[in-house]
Amino acid sequence: MEIELLIKFLLVVGVFAVALGIAAYSTYGERKIAAFLQDRLGPNRAGPFGLLQPLADGVKMIMKEEIIPAHADKFLFILGPALAMLTACMTGVVIPWGGTLQIGGREFPLQVTDINIGILYAFAVVSIGVYGVMIGGWASNNKYALMGALRASSQMISYELAMGMSIVALVMLTGELSLSKIVQQQSGWHWNVIYQPLGFLIFIVCAFAECNRTPFDLPECESELVGGYHTEYSSMKLGFYLFAEYINMFISSAIISSLYFGGYNFPGLDMLNLSHNLMTILGTLIFFGKIVFFIFFFMWIRWTIPRFRYDQLMHLGWKVMIPLAIVNMIITGAVILWLR
């Protein structure tokens, strides 16, 4: 029992540290990719190849002066970024990061907790994240911040419907709500993206909108709203909002890889005849390789496609994504009935 608790504690600390590390170096990766696409060098001053740039940015954020506007609601002004960061970090506990490790004749899963409603938990926690944005925008007592918060709320509500229905089709297909069991079903070439290509397309478009990434970054839209919901924020409170966005991108990539691309499974992995623990470690590395690919995809889209207008965003959400998600759900149900 004590060993299990110790392993769980180490896993929680590890997931937290990896999420923060990847979020920090995603900022470096994004600036490098943006520089490459725009024929620039990007960060190259702090350390070799600019690798210490995220640390320099972190120190800069910590050392900046904390400013709270005189007419802001101080409690909610602090609560907003804290809530956004907390919900971003909570989602990773239900994701299966690998198979099981055998230590002392016992097996330990590389998943903090395997609850039988893992998908519902992840979506419930992600939904709470919008309160962090809404509270921060309202508490700032600034019209640009409030407008950004209203945009974020309506955008998330609109796209969560289509995202939820794409997941309903996947649950109908797999018969599971547990993320670990959905990943286990995808061994070999049985990746869900082959059976649910339309569901995957709807999910990834909605994930861009949920993470407020371009072309859906209307809540912060600097050309119209200065900085949107975080206009009045500075120092580490602004850093929390920016960090939460990158952690959400990391978690979204992990969920996409788990639901549609086999998670830690890879075709031909079983044929290598490696030891159990080595297979688990290799599976985890493959899983992180898939996550890094999707993080790159998020960045590639950001620096390639221009931002939508707000009416175009709502049109896409309500008149394209939701009808497509309903059609996908009906087709999935019909095919399941036909195969029986």
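D311 is partly exposed in this predicted model, because its relative accessible area of 45% falls between the 20% limit for buried and the 50% limit for exposed. The side chain of D311 forms a salt bridge with R309, and the closest N and O atoms are 2.9 Å apart.

## Salt bridges

That pair belongs to a short list: a search of the whole structure turns up four salt bridges. Side chains of opposite charge can pair when their charged atoms come close. Here are three of the pairs to look up on your screen.

| Pair | N to O distance |
|---|---|
| D311 and R309 | 2.9 Å |
| R31 and D57 | 2.9 Å |
| K237 and E66 | 2.2 Å |

Let us begin with R31 and D57, whose side chains meet at 2.9 Å, N to O. This pair links distant parts of the chain, with R31 in helix 1 and D57 in helix 2, 26 residues apart. R31 counts as partly exposed, because its relative accessibility is 36%.

Next come K237 and E66, with an N to O distance of 2.2 Å. K237 sits in helix 10 and E66 in the loop between helix 2 and helix 3, so this salt bridge ties together parts that are 171 residues apart in sequence. Which of these partners is buried, and which is partly exposed? K237 has 11% relative accessibility and therefore counts as buried, being under 20%. E66, at 44%, counts as partly exposed.

## The largest pocket

D57 turns up again at the largest pocket, where D57 is among the residues nearest the centre, together with T27, M61, L242 and Y246. The volume of this pocket is about 930 Å³, and 35 residues line it. Where does the lining come from? Helix 1 (2–37), helix 2 (53–63) and helix 10 (235–260) each supply at least two residues. Helix 2 gives the largest share, with eight residues. By class, the lining of the largest pocket holds 17 nonpolar, seven polar and eleven charged residues.

## Two cavities

The whole structure also has two cavities of 30 Å³ or more. The largest cavity holds about 380 Å³ of space. Its lining is made of 26 residues, and V126, M156, E210, C211 and N248 are the closest to its centre. Several helices take part here: helix 3 (74–90), helix 4 (118–139), helix 5 (143–174), helix 8 (197–210) and helix 10 each contribute at least two lining residues. Sorted by class, the lining of the largest cavity has 18 nonpolar, five polar and three charged residues.

The second largest cavity encloses about 50 Å³. You can trace its lining through V15, F16, A19, A88, C89, G92, I247 and I251. At least two of these residues come from each of helix 1, helix 3 and helix 10, with helix 1 giving the largest share, three residues. How many charged residues does the lining of the second largest cavity have? There are none, and the lining is made up of seven nonpolar residues and one polar residue.

## A nonpolar patch on the surface

Now turn to the surface, where F36, L37, F293, F296, W300 and W303 make a nonpolar patch of about 650 Å². Helix 1 and helix 11 (276–302) are the elements that give two or more residues to this patch. The most comes from helix 11, with three residues. F36 is found in helix 1. Is F36 buried or exposed? F36 counts as exposed, because its relative accessibility of 66% is over 50%.

## Two residues with positive phi

The loop between helix 1 and helix 2 is a good place to finish, and D39 is in that loop. F49 lies there too. Most residues other than glycine have a negative phi. What is the phi of D39? It is near 60 degrees, a positive value in a residue other than glycine. Phi of F49 is also positive, near 60 degrees. As for accessibility, D39 counts as exposed because its relative value is 75%. F49 is exposed as well, with a relative accessible area of 66%.

Methods
Residues are numbered from 1 along each chain as its sequence is written. This is a predicted model: local features need pLDDT of at least 70, side-chain atom pairs count only at pLDDT 80 or more; totals for chains, interfaces and linings use all residues. Side-chain values use heavy atoms; hydrogens and water are left out. On a 1 Å grid over the protein atoms alone, a cavity is a set of points where a 1.4 Å probe fits but cannot get out, and a pocket is an open set with protein on both sides within 12 Å along at least five of seven lines; lining residues have an atom within 4 Å of a point. Grid points are joined across faces, edges and corners, and a volume is the space filled by probe spheres set on the points. Helices (H or I, at least four residues) and strands (E, at least two) are DSSP runs, numbered from the N terminus. Ala, Val, Leu, Ile, Met, Phe, Trp, Tyr, Cys and Pro count as nonpolar, Asp, Glu, Lys and Arg as charged, and the others, Gly among them, as polar. Patches are made of residues with over 30% relative accessible area and no salt bridge: like charges are joined within 9 Å, nonpolar side chains (Val, Leu, Ile, Met, Phe, Trp, Tyr) within 5 Å. Accessible areas come from the Shrake-Rupley method with a 1.4 Å probe; for residues, only the protein chains shown count as cover. Buried means under 20% relative accessible area, exposed over 50%, partly exposed in between (1.4 Å probe, protein chains only).
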